[in-house]
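Visitor: I'd like a close look at one part of this model, the sheet, please. Start from how its strands are put together, then work outwards to whatever surrounds it.

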Amino acid sequence: MKSLQVKDLQPGMIVAETIYTSGGQRIMEADTILTSEGIYRLSFYSVQKVNVKDPEKHPEGSKAAIPNPSRASNPSHSQKIKANPAFMRYQIEYTKKINSIRQVFDTIISNPKNPIDFRQILDDCAALIAASKTTVDLFDKLHNMRLDDDSVYAHCLNVALISRMMGKWLRFSHQDLDTITLCGLFHDIGKTSIPDEILNKPDKYTDEEFEMIKQHPLFSYKILKHLPIDKRIKKAALQHHERCDGSGYPQSLKGDEIDEFAGIIAIADVYDATTAARPYRSPLCPFQAIDMFERDGLQKYSPQYILTFLNRIATTYQNNRVLLNNGHSATIVMINPSHLTKPMLQMDDGSIIDMLAKPELEIVKII
């Protein structure tokens with residue numbers, strides 16, 4: 001028996017001992033033959049190491065017992081994306097844009113009277129969207145572009161791109177597309193005023209630290225207040241953590257008191273944050289993010305925007321392969337418009353499952 005990091009596991013290895021999560025949930029039995037989907041599942045549950053049997057101690061030919069070995073030996077969805085030359089080129093351009101955003105933020109904060117070339121910023125964002133052939137291509141790239149520090153600048157760029165895509169879905173004018181893009185780009189500029197040791201703290205915030213974090217919309221607004229830009233950009237910075245039911249901050253605004261563009265940024269901001277990795281959890285897959293929106297209550301977000309967004313995200317992944325929380329994989333064959341996280345699936349054995357009839361099943365990963 002030997003102990004391996006999850007990243008070093010290979011399909012065909014045999015699990016030596018039953019595997020549990022840190023919370024005590026059993027997720028894999030001893031003597032399980034690992035498949036690529038099983039390895040993804042271990043990674044999803046943040047398992048660090050696994051004890052596997054030595055090759056010489058299990059019967060010759062046991063690797064041939066891998067279920068559907070041709071599929072198990074395929075690289076993951078994420079690996080395929082990252083190995084694509086188009087993604088590598090995109091990553092270079094994306095990184096350049098993050099550096100440009102950092103410079104713009106620094107200029108605005110240190111020399112607010114200096115002119116900013118907003119046209120170049122907007123053209124750069126439009127080019128990043130145009131470089132993606134489809135909506136799923138764009139979101140796949142953003143999900144796999146994560147940096148270890150997942151900086152404020154990367155988050156702002158992602159929110160700008162997601163918001164611009166939402167504007168396209170909502171048939172915004174070209175001028176409004178540019179405005180909503182800048183709303184996303186500058187919404188979190190105030191976080192640069194928060195010390196890194198608090199902003200990037202891996203543990204739970206103290207009450208005092210969380211109160212400071214909650215001030216960042218005010219910090220953002222103060223930085224942008226005197227710039228010659230559309231007032232909706234300033235309102236989005238101030239109001240993107242407000243919620244329609246009054247549960248948000250910093251002003252506990254409700255319904256129509258919240259600027260419409262701020263309502264769009266709120267959705268894009270939460271989606272990008274939840275699909276990013278955190279020290280205490282793996283990134284949520286799109287269907288888990290949709291489920292979170294639904295569980296939190298759609299009444300918190302502008303109905304016309306949140307319903308459009310969730311429907312678009314869900315239908316984007318129709319025909320994609322997914323991993324379920326029971327370790328099985330399947331293909332989405334039909335989205336249920338009334339229950340977006342419970343589509344119709346075709347399992348690998350050809351059988352069809354309606355997830356509405358299987359409430360215990362959840363989609364945990366796009367594969």
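Guide: First a word on terms: two strands count as paired if DSSP finds at least two bridges between them. Bear in mind too that this is a predicted model. With that settled, the sheet is an open one of five strands, running S8-S7-S6-S5-S9 in order, with antiparallel pairing. Its edges are strand S8 (352–354) and strand S9 (363–366), each of which has a partner on one side only. From one strand to the next, the twist averages 40°. At the S8 end, strand S7 (residues 344–347) is joined to S8 by three bridges, and the two run antiparallel. If you want a spot to click on there, Gln346 faces Ile352 in S8.

Now for what packs on the sheet. Helix H14 (residues 286–296) lies across strand S6 (329–334) and S9, and its angle to S9 is about 140°.

The way into strand S5 deserves a slow look. A loop connects helix H15 (303–316) to strand S5 (321–324), and Asn319 sits in that loop, as does Asn320. Asn319 has a positive phi of about 80°, although it isn't a glycine. So is this pair buried or exposed? Asn319 is exposed, with a relative accessible area of 58%. Asn320 comes out at 15% relative accessibility, and it counts as buried because the cut-off is under 20%. Beyond its neighbours within four places in sequence, Asn320 touches His77, Ala330, Thr331, Ile332 and Ile366. Of these, Ala330, Thr331 and Ile332 belong to S6, while Ile366 belongs to the edge strand S9. There is a C-alpha separation to look at as well: Asn320 and Val333 are 13 residues apart along the chain, and their C-alpha atoms are separated by 8.2 Å.

Follow H15 back from that loop and you reach the largest nonpolar core. It has 89 residues, and Phe186, Phe287, Phe293 and Phe309 touch the most other members. Helix H7 (residues 152–169) gives the largest share of this core, twelve residues. As background, nonpolar side chains tend to be buried together in soluble globular proteins. Phe287 and Phe293 fall within H14, the helix lying across S6 and S9, and Phe309 falls within H15. Leaving out residues up to four places away in sequence, Phe309 touches Ile162, Met166, Trp169, Ile267, Tyr271 and Phe293. In that list, Ile162, Met166 and Trp169 come from H7, and Ile267 and Tyr271 come from helix H13 (260–274).

Just ahead of H13 there's a backbone detail to check in your viewer. The loop between helix H12 (231–239) and H13 holds Pro250, which is joined to Tyr249 by a cis peptide bond with omega of about 10°.

Last, a few things elsewhere in the model. Another core, of 14 residues, lies apart from the largest one and includes Ile19, Ile27, Val50 and Val52. Asp31, in the loop between strand S3 (26–28) and helix H1 (36–44), is a non-glycine residue with a positive phi, near 75°. Asp31 counts as partly exposed, at 48% relative accessibility. As for empty space, the whole structure has two cavities of 30 Å³ or more, and the largest holds about 60 Å³. Helix H4 (85–110) supplies the largest share of that cavity's lining, four residues.

Definitions and conventions: Residues numbered from 1 in each chain as written. Predicted model: local features only at pLDDT ≥ 70, side-chain atom pairs only at ≥ 80, totals over all residues. Heavy atoms only, no water. Axes fitted to C-alpha atoms, helices over the stretch in contact; angles between N-to-C directions. Contact = heavy atoms within 4.5 Å. Buried < 20%, exposed > 50% of the residue type's maximum accessible area, 1.4 Å probe, protein only. Core = buried A, V, L, I, M, F, W, Y, C linked by side-chain atoms within 4.5 Å. 1 Å grid on protein atoms, 1.4 Å probe; cavity = no way out; pocket = protein on both sides within 12 Å on 5 of 7 lines; lining within 4 Å. Points joined across faces, edges and corners; volume = space filled by probe spheres on them.
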